[in-house]
Amino acid sequence: MQASELSYFKEILESREVQIQKNISGVNDELSQLNALELNDEGDHAAVNNNSMVESAIVFQQTKELAEIKVTLGKISSGEYGICEMCEDPIGFQRLKVKPHAIYCIDCREIVEKSN
């Protein structure tokens, strides 16, 4: 992969990393505010619990993506970026444009998804 392509993906990943950190911080603030509310009835409790579950699921998914991005940034630094972890072939440029933190090529991703 060319240096300009690596720079392009690094910039995208770093930008997404910052955005996710802001999102997680915002969700945590919202959860704190929900927990501080005075709830008057069961409907209020149900609404808060529902919002908390949704927000927690969002934080979980974004925390997972953040970890993947950090691993990918390490791969860029070590020169291992864009190589499939299963077959060790290059991951296609178009795939990386869609998911810059992809660790599998399209074929191997399908194998992994079917085995899960």
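The questions and answers below concern a predicted model.

Q: Which helix supplies the largest share of the largest nonpolar core?
A: The largest nonpolar core has 18 residues, and those with the most contacts inside it are Leu13, Tyr81 and Leu96. Helix H1 (3-36) and helix H2 (42-78) each supply at least two residues of this core. The largest share, 6 residues, comes from H1.

Q: Which residues does Leu96 contact, leaving aside its neighbours within four places in sequence?
A: Leu96 is among the residues with the most contacts inside the largest nonpolar core. Tyr81, also in that group, is one of the contacts of Leu96. With neighbours within four places left aside, the full list is Met1, Phe9, Tyr81, Gly82, Ile91 and Ala102.

Q: Is Lys75 buried or exposed?
A: Lys75 lies in helix H2. Beyond residues up to four places away in sequence, Lys75 touches Glu80, Tyr81, Glu85 and Ile103. Buried means under 20% relative accessible area. Because its relative accessibility is 13%, Lys75 counts as buried.

Q: Which helix gives the largest share of the lining of the largest pocket?
A: The lining includes Arg109, Val112 and Glu113. Helix H4 covers residues 106-115. The largest share of the lining, 3 residues, comes from helix H4.

Q: How many charged residues are in the lining of the largest pocket?
A: This pocket holds about 180 Å³ of space. Among its lining residues are Glu68, Arg95, Lys99, His101 and Asn116. By class, the lining has 4 nonpolar and 2 polar residues, and the number of charged residues is 5.

Note on methods: Residues numbered from 1 in each chain as written. Predicted model: local features only at pLDDT ≥ 70, side-chain atom pairs only at ≥ 80, totals over all residues. Heavy atoms only, no water. Core = buried A, V, L, I, M, F, W, Y, C linked by side-chain atoms within 4.5 Å. Buried < 20%, exposed > 50% of the residue type's maximum accessible area, 1.4 Å probe, protein only. Helix = DSSP H or I, 4+ residues; strand = E, 2+ residues; numbered from the N terminus. Contact = heavy atoms within 4.5 Å. 1 Å grid on protein atoms, 1.4 Å probe; cavity = no way out; pocket = protein on both sides within 12 Å on 5 of 7 lines; lining within 4 Å. Points joined across faces, edges and corners; volume = space filled by probe spheres on them. Nonpolar A, V, L, I, M, F, W, Y, C, P; charged D, E, K, R; others polar.
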